[in-house]
Amino acid sequence: KTGRLLLLAKENNGIVVCKNPGHMREKAYAYGLTGIDFVSYQDFDRDVSESYESGNTYSKPVFIDELDNYLKHLQFNIQGYTISNED
């Protein structure tokens, strides 16, 4: 899963949102992938908030590693969600 996510981020000039950007960068290097931007859940939240407050949209393609962990990070009382796997 992670390797495919990293490859898609590379191919689409996207950013990978993850719990530990340093660790994820090491994984990318192990897959032979470089030039990918990584951001922590916290920094992504801040970046999106700043974009929203300035009237902009977050335009870079976003690839979230472990979506369930990101949703837990948000600390909302989420009772369920659906997800699709776009190949």
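The exercises below, each with a worked solution, concern a predicted model of a protein chain.

**Exercise 1. The overall plan**

Determine how many helices and strands the protein chain contains, and in what pattern they follow one another along the sequence.

Solution. Begin by counting the elements: the secondary structure of the protein chain comes to 4 helices and 3 strands. Next, read along the sequence, where these elements follow the pattern α-β-α-β-α-β-α. Then consider the extent of the chain, whose C-alpha atoms fill a box of roughly 35 × 30 × 25 Å when the box is taken along the principal axes. Finally, turn to burial and contacts: 29% of the 87 residues count as buried, and among the contacts with a separation of 6 or more, 53% are between residues 24 or more positions apart.

**Exercise 2. Building the sheet**

Work out the order in which the strands form the sheet, and state which of them are the edge strands.

Solution. Start from strand β1, residues 15-18, which is joined to strand β2, residues 37-40, by 4 bridges, the two strands running parallel. One of the bridge partners can be named here, since C18 is matched with S40 in β2. Between these two strands the chain passes through helix α2, residues 21-30, and this β-α-β crossover is right-handed. As the next step, follow β1 to strand β3, residues 62-64, to which it is joined by 3 bridges, again with a parallel run. In this pairing V16 has F63 of β3 as its bridge partner, while V17 stands opposite I64.

Putting the pairings together, the 3 strands form an open sheet in the order β2-β1-β3, with parallel pairing. The edge strands are β2 and β3, each of which pairs on one side only. Neighbouring strands of this sheet are turned against each other by 30° on average, with direction ignored. Helix α3 packs on the sheet and touches β1, β2 and β3, and its direction makes about 95° with that of β2.

**Exercise 3. The two faces of β1 and the surroundings of V17**

Decide whether the residues on the two faces of β1 are buried or exposed, and then describe which residues V17 is in contact with.

Solution. First recall a general point: in a regular strand the side chains alternate between the two faces of the sheet. In β1, I15 and V17 lie on one side and V16 and C18 on the other, and all of these residues are buried, so that both faces of the strand are covered. Now take V17 by itself: its relative accessible area is 0%, and because buried means under 20%, V17 is counted as buried.

The contacts come next. Leaving aside neighbours within four places in sequence, V17 is in contact with V39, S40, Y41, F44, V62, F63, I64 and D65. Among these contacts, S40 lies in strand β2 and, at 10% relative accessibility, also counts as buried. Seen from its own side, and not counting residues up to four places away in sequence, S40 touches V17, C18, K19 and P21.

**Exercise 4. How α3 and α4 cross**

Find the angle at which the axes of α3 and α4 cross, and say which residues of the two helices meet.

Solution. Look first at the axes: those of helix α3, residues 41-53, and helix α4, residues 67-74, come within 11 Å and cross at roughly 65°. The second step is to classify this angle, and since 65 to 115 degrees counts as roughly perpendicular, α3 and α4 are described as roughly perpendicular to each other. The crossing is right-handed. Lastly, identify the residues that meet, which are Y41, Q42, F44 and D45 in α3 and N69, Y70, H73 and L74 in α4.

**Exercise 5. Two positive phi values**

Locate the loops in which N13 and E66 have their places, and state the phi value of each residue.

Solution. Begin with the background: most residues other than glycine have a negative phi. N13, although it is not a glycine, has a positive phi of about 50°; its place is in the loop between α1 and β1, and with a relative accessible area of 54% it is exposed. E66, likewise a residue other than glycine, has a positive phi near 55°. The place of E66 is in the loop between β3 and α4, and at 32% relative accessibility E66 counts as partly exposed.

How values were computed. Residues numbered from 1 in each chain as written. Predicted model: local features only at pLDDT ≥ 70, side-chain atom pairs only at ≥ 80, totals over all residues. Heavy atoms only, no water. Buried < 20%, exposed > 50% of the residue type's maximum accessible area, 1.4 Å probe, protein only. Pairing = 2+ DSSP bridges. Right-handed = clockwise from strand over helix to strand, strands pointing away. Axes fitted to C-alpha atoms, helices over the stretch in contact; angles between N-to-C directions. Parallel < 35°, antiparallel > 145°, perpendicular 65-115°, else oblique. Left-handed = near helix turned anticlockwise from the far one by under 90°. Contact = heavy atoms within 4.5 Å.
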